[in-house]
Amino acid sequence: RKVYPLVFLRNRIKEWKLERLNRAVEFAEELLAQGREAYVREVFDIAERFLDEVGDKTYIHVAKRLAQLERRMPGTRSPSCVLRIHKRLLRVFSDEDARAGQVREAVAELLDGA
């Protein structure tokens, strides 16, 4: 059938995107460990654009790792950064209690002066 190559290609593209996202998170972890925060932010920006393109739900585990890694960044985060992190984490939780806890945590972080 002529449809088969399209399914195969779509699956290959998904695999390629997942590999790239995982590598971006690994690279950000390495840079953060080296104290190169300016470069980490650039990697976050690239990964964020990629995740926005493919959707958090498609790569839930990578989206969660990225959000948690961004939370470990030293320094003060802007309110928009805090909201982006918590929005991403909120999308990956399916349990209502976990979602409610995430919302409380986001509000507390914003009130603490993010």
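**Notes on an all-helix predicted model**

1. Of the 114 residues in the protein, 32% are buried. Please keep in mind as you read on that this is a predicted model.

2. On secondary structure, the picture is quickly told: the protein has five helices and zero strands. Following the sequence from start to end gives the pattern α-α-α-α-α.

3. For the overall dimensions, the C-alpha trace spans about 60 × 35 × 20 Å along its principal axes. If you look at contacts between residues at least 6 apart in sequence, 60% of them join residues at least 24 apart.

4. Turning to the surface, the protein exposes about 7,600 Å². Carbon and sulfur atoms supply 55% of that area.

5. You may also like the charge count: there are 23 positive and 19 negative side chains in the protein. The centres of these two sets lie 7 Å apart.

6. One surface feature to look at in your viewer is a nonpolar patch formed by L6, F8, L9 and I13. Together these residues have about 400 Å² of accessible area.

7. Within that patch, F8 has its place in helix 1, which covers residues 4-33. Is F8 buried, partly exposed or exposed? F8 counts as partly exposed because its relative accessibility is 43%, and that class lies between the 20% limit for buried and the 50% limit for exposed.

Note on methods
Residues numbered from 1 in each chain as written. Predicted model: local features only at pLDDT ≥ 70, side-chain atom pairs only at ≥ 80, totals over all residues. Heavy atoms only, no water. Helix = DSSP H or I, 4+ residues; strand = E, 2+ residues; numbered from the N terminus. Buried < 20%, exposed > 50% of the residue type's maximum accessible area, 1.4 Å probe, protein only. Contact = heavy atoms within 4.5 Å. Areas by Shrake-Rupley, 256 points an atom, 1.4 Å probe, with all protein chains shown as cover. Lys, Arg positive; Asp, Glu negative; His and termini not counted. Charge placed at Lys NZ, Arg CZ, Asp CG, Glu CD. Patch = residues over 30% accessible without salt bridge, like charges linked within 9 Å, V, L, I, M, F, W, Y side chains within 5 Å. Salt bridge = Lys/Arg side-chain N within 4 Å of Asp/Glu carboxyl O.
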